[in-house]
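Q: I'm new to reading structures, and one part at a time suits me best. Please pick a single loop residue, look at it closely with me, and then walk me on through its surroundings and beyond.

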Amino acid sequence: MVEFRCKFGPTCTRDTWIERQALLSKVRDFFLTRSVLEVESPTLSRAGGTDPQLDYFEVISDPAQYMMTSPEFHMKRLLAAGFGDIFQITKSFRRDEFGSHHNNEFSMVEWYRVGMPQEQLMDEVEALVSEIIGKPLNARRTRWIDAFKNYAGVDPFCKDLSNFIDTCEFHGVPVPERTGMMSREDWWDYLMVFVVEPALASHGPEFIVDYPPSQAALAQTYTDKDGLTWAKRFELFVDKVELCNGYTELTDAAEQRRRFEADLEIRRKMGKPLPPVDERFLAALESGMPSCSGVALGLDRLFMLALGKKEIADVILFPSPVA
């Protein structure tokens, strides 16, 4: 747990905070010089996201409201309303996220580019990160399946799940105690965190692209030459830090509803709360949200890297849970 520098003081020094604010101005200027409109959306909503891997804060009220894990749904409603290219610098909230790279209240910049292919948006992400860290990023681009094969030494679609146990043992990673209860996707998540992501650091900055559809519920999909279906999703990793998550955005309302319902069924089986589906967001898709790509990037993590800090508590004034 992060300790305060005195009984009441912040974990971030005044000098570091001044540096952070200068970097924040650079982020805002980056978008304004590209004629991307800054917007603001609510922190509270009557509908929460359905992603089974995210846990939200529920505000006890009548009716119940949720602290937003991302401004995504509101921003897409703005896209459907004709706002064009937009960005937002905001706070987001996720339960049970603590650690050197996590805080349950964190700052992000999220932006959407109308008509821009995902590959071009990745170029823009790279340009922003390069400007903030003060040097060219030169990030590699690797497909998700190849990352598992190259860095973990295992085919993620292998028939025998015991191969994943062998992978843990080969890399000196603890084998989870609940292996008998782990699904293939549980193994993917585990090996990504404990084997693949650490290996990425030795190769420099890297985009991972083309995820299984089940790992990108808000992204479009495509079928490759081998007949396999992939989600148009990307993540950027720099120095063992996951910086962003982006998609070629799904615009099909019926398909999005189906995915929400599938998410809720997974949450039900996991014993997690079942938030109401965001009908206003689905109405925006039905009205005709334009083709676009979007990405969310963690600012605390970016500033941590830019300022040479070991953990995000060094660039946050009052991190959780000791705030």
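A: Let's begin with aspartate 239, which counts as exposed at 54% relative accessibility (buried means under 20% relative accessible area, exposed over 50%, partly exposed in between, for a 1.4 Å probe and protein chains only). Before going further, please keep in mind that this is a predicted model, where local features need pLDDT of at least 70 and side-chain atom pairs count only at pLDDT 80 or more, while totals for chains, interfaces and linings use all residues. Residues are numbered from 1 along each chain as its sequence is written, and side-chain values use heavy atoms, with hydrogens and water left out.

Aspartate 239 sits in the loop that joins β10 (229-238) to β11 (241-248) (helices, H or I of at least four residues, and strands, E of at least two, are DSSP runs numbered from the N terminus). The backbone of aspartate 239 has a phi near 50°, a positive value in a residue that is not glycine. Asparagine 138 makes a nice companion, with its own positive phi near 50° in a residue other than glycine. Asparagine 138 also belongs to a loop, the one between α3 and β7 (140-143), and with 61% relative accessibility it counts as exposed.

Now follow the chain back from that loop into helix α3 (residues 118-133), where you will find isoleucine 133. Leaving out residues up to four places away in sequence, isoleucine 133 touches Leu302 and Ala306 (contact means heavy atoms within 4.5 Å). By contrast, the C-alpha atoms of isoleucine 133 and valine 154 are separated by 33 Å, although the two residues are 21 apart along the chain.

Those touches of isoleucine 133 are part of a helix pair. The axes of α3 and helix α9 (residues 299-306) come within 9 Å and cross at roughly 45° (axes are lines fitted to C-alpha atoms, for helices over the stretch in contact, and angles run from 0 to 180 degrees between N-to-C directions). α3 and α9 are therefore oblique to each other (under 35 degrees is roughly parallel, over 145 roughly antiparallel, 65 to 115 roughly perpendicular, and the rest oblique). On the α3 side, Val129, Ile132 and Ile133 meet Leu302, Phe303 and Ala306 of α9. This contact has six nonpolar, no polar and no charged residues (Ala, Val, Leu, Ile, Met, Phe, Trp, Tyr, Cys and Pro count as nonpolar, Asp, Glu, Lys and Arg as charged, and the others, Gly among them, as polar).

Try another helix pair. Helix α7 (residues 253-270) packs against helix α8 (residues 279-288) at an angle of about 155°, with the axes 8 Å apart, and α7 and α8 are therefore roughly antiparallel. Ala253, Gln256, Arg257 and Phe260 of α7 make the contact together with Glu279, Phe281, Leu282, Leu285 and Glu286 of α8. By class, the contact of α7 with α8 divides into five nonpolar residues, one polar and three charged.

Next, look for rings. The count of aromatic pairs comes to 16 (rings of Phe, Tyr and Trp, for Trp its six-membered ring, pair if their centres lie within 6.5 Å; planes under 30 degrees apart count as stacked, over 60 as edge-to-face and the rest as tilted). One such pair joins tryptophan 187 to tyrosine 190: it is edge-to-face, with 6.1 Å from centre to centre and 85° between the planes. Because they are three residues apart in helix α6 (residues 184-200), tryptophan 187 and tyrosine 190 are separated by about one helical turn. Tryptophan 187 is buried, at a relative accessible area of 1%, and tyrosine 190 is buried too, at 16%. Elsewhere, Trp144, Phe148, Phe157, Trp188 and Trp230 form one aromatic cluster.

Tyrosine 190 has another neighbour worth finding, valine 173. Valine 173 touches Cys168, Tyr190, Phe194 and Val195, not counting residues up to four places away in sequence. Its place is in the loop between α5 (162-171) and α6, yet valine 173 is buried, with a relative accessible area of 12%.

Finish with phenylalanine 57, in the loop between β2 (44-45) and β3 (58-59). Phenylalanine 57 is partly exposed, at 29% relative accessible area. Apart from neighbours within four places in sequence, phenylalanine 57 is in contact with Gln65, Tyr66, Met67, Phe93, Arg94, Arg95 and Asn104.
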